[in-house]
Amino acid sequence: MMKRAAAIPVIIALSISLGILIGATFFQAQGENTLRKRYPKIEEVLSYIELYYVDDVNLEELTDYSIEKLLEKLDPHSAYIPAEETALVNADLEGSFEGIGIEYMLLNDTIEVVTPLAGGPAEQVGLLPGDKIIRIDGENVAGIGIDHLGVFKRLRGKKGSRVTVEVKRQGIHRPLTFTITRDRINTQSVYAFMFDKHTGYIKISNFAANTHHEFQEALKKLKREGMRELILDLRDNPGGYLDRATDIADEFLPDDYLIVYTDGRGTRFDSKIKATNRGQFEKGKVVVLINEGSASASEIVAGALQDNDRAWLVGRRSFGKGLVQMPIDLQDGSELRLTISRYYTPSGRCIQKPYDGNKDHYEEELWKRYESGELFRPDSIQFADSLKFKTRKGRTVYGGGGIMPDFFVPADTGALVKLESEIYASGALQEMAIHYARQINKNDYTPASFNEKWQMPAPLWQSFLDKLAQKEVDTALLQTDSTAKASVIHDLKALIARQLWGYEAFYYILYQQDPFIRKAMEVLQLPE
């Protein structure tokens, strides 16, 4: 899925939309001055292809391809989104969607329900975790190579519309049929809980329309529960709306502190965004977690807190996206996201990584970090003196190609990591969590007590090994290495907790053994 580009503040977006409407009217009135008249070659070439080319050609696909290649010449983040993909791409940013309300996975070429969303239409009619959807509105969808876009097209739809799904359920021989009335489903981007009596944890998965409101509610909840210090997790956060990111940075910074500024062509898209006096957590220690998957709006938050000496950063160098895109709706329902400015952190850093016009080279940069050893040794990357900047208190930070954390956490590349990746890819762990969770009465536990007390039954472990063997996953390490076995069981415990209590319980348990969290806890003990 494409990276979500950092959008511009709402007030700027509104003025740009109006400008597009005015511009369209102007171009229509000017006749000979339109772009079509000034640059007719693309339309001319397409007309000749349609008239004379030896084979039939899909001109719509050819046009889409031409636009994509044209934008690659500009920068790596200007993008064209075809009409049929816009709803899918924008769903996470809008904060809600209209559909049946399930979390699913594609496993063995089948749509398997991971969990129906609480209170959603699918839960209300009785869909259960583990149900395999085999038909949608009478159409076979199992074993046909369906992808996520295909699932979205069939299950999402207007609120009030109906869809009929046929499912296979474990233990029941005949298929079950459910007619579901679609509704508006709210999505979640913020997850929060207390790690201990004084340390709060908030994870932001992306910066969507509802993210700032969710974040404010999370802060209030954690403060009521005794939070004095906070771990803010922005790992693998690909970005989103810039104004949501600056609103969240504002929660930590004193009045009038600079958060970010943008510099575009001329002054039309230039802006300075500063903190207000409305922050909920301007006192108290903060650690921000970042890695190579932290991009765009998440880098704005991390950069603002680092440059203003408000937080320590823990992890690995961030992605390095310092460009701002403007979303433009095209007439056929497709969308153009056009880069209109660069953004700079308060110290003056532009963290956009270099682009030589070759998108493949740009996308391979993360792999080059692996090859160079940067993911394992912090001293493997060297910055030129010209990229040095100073924080508010005079600490040295670096621009150019991402944000460097203050404390490094190396990546793990051992045999266990590779094995766990294969296990997750097989789906065996997720399937076992779905089915075993049904045997547990969640009222007997809290997430914390489940983490402390639950033990893997020996028959369940053997059943798991047998399932892995059926899926051709080598289980030798799990049978000879107690550390590997304990790690996989810990992952299973977290997945079971997700089925019982949701994602906050999942993250609470999963991150009990996380090296980023351990380092963050150490940093929080440092004197201010």
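## Exercises on a sheet and a helix pair

Asp233 stands opposite Leu289 in strand S15. Keep this pair in view as you work through the exercises on this predicted model.

**Exercise 1.** Find how strand S12 and strand S15 pair, and over how many bridges.

*Solution.* Start with the two stretches: S12 covers residues 229–233, and S15 covers residues 286–290. Next, follow their directions: the two strands pair in the parallel sense. Finally, count the bridges, and you reach four.

**Exercise 2.** Place S12 and S15 in their sheet, then work out which strands stand at the edges.

*Solution.* First, read the order of this open sheet of six strands: S10-S11-S12-S15-S16-S21, with mixed pairing. Then look at the edges: S10 (190–194) and S21 (407–408) each have a single partner strand, so one side of each is left without a neighbour in the sheet. Last, add the helix that packs on the sheet: H20 (residues 515–524) touches S11 (199–204), S12, S15, S16 (312–315) and S21. The direction of H20 makes about 155° with that of S15.

**Exercise 3.** Describe how helix H18 and helix H19 cross, and which residues meet there.

*Solution.* Begin with the axes: those of H18 (residues 482–501) and H19 (residues 503–510) come within 7 Å and cross at roughly 160°. An angle over 145 degrees counts as roughly antiparallel, and therefore H18 is roughly antiparallel to H19. The crossing is right-handed. Now turn to the side of H18, where the residues in contact include Leu495, Arg498 and Trp501. Their partners in H19 are Tyr503, Ala505, Phe506, Ile509 and Leu510. To finish, sort the contact of H18 with H19 by class: nine nonpolar, one polar and three charged residues.

Definitions and conventions. Residues are numbered from 1 along each chain as its sequence is written. This is a predicted model: local features need pLDDT of at least 70, side-chain atom pairs count only at pLDDT 80 or more; totals for chains, interfaces and linings use all residues. Side-chain values use heavy atoms; hydrogens and water are left out. Axes are lines fitted to C-alpha atoms, for helices over the stretch in contact, and angles run from 0 to 180 degrees between N-to-C directions. Angles under 35 degrees count as roughly parallel, over 145 as roughly antiparallel, 65 to 115 as roughly perpendicular and the rest as oblique. A crossing is left-handed if the near helix is turned anticlockwise from the far one by less than a right angle, and right-handed if clockwise. Contact means heavy atoms within 4.5 Å. Ala, Val, Leu, Ile, Met, Phe, Trp, Tyr, Cys and Pro count as nonpolar, Asp, Glu, Lys and Arg as charged, and the others, Gly among them, as polar. Two strands pair if DSSP finds at least two bridges between them.
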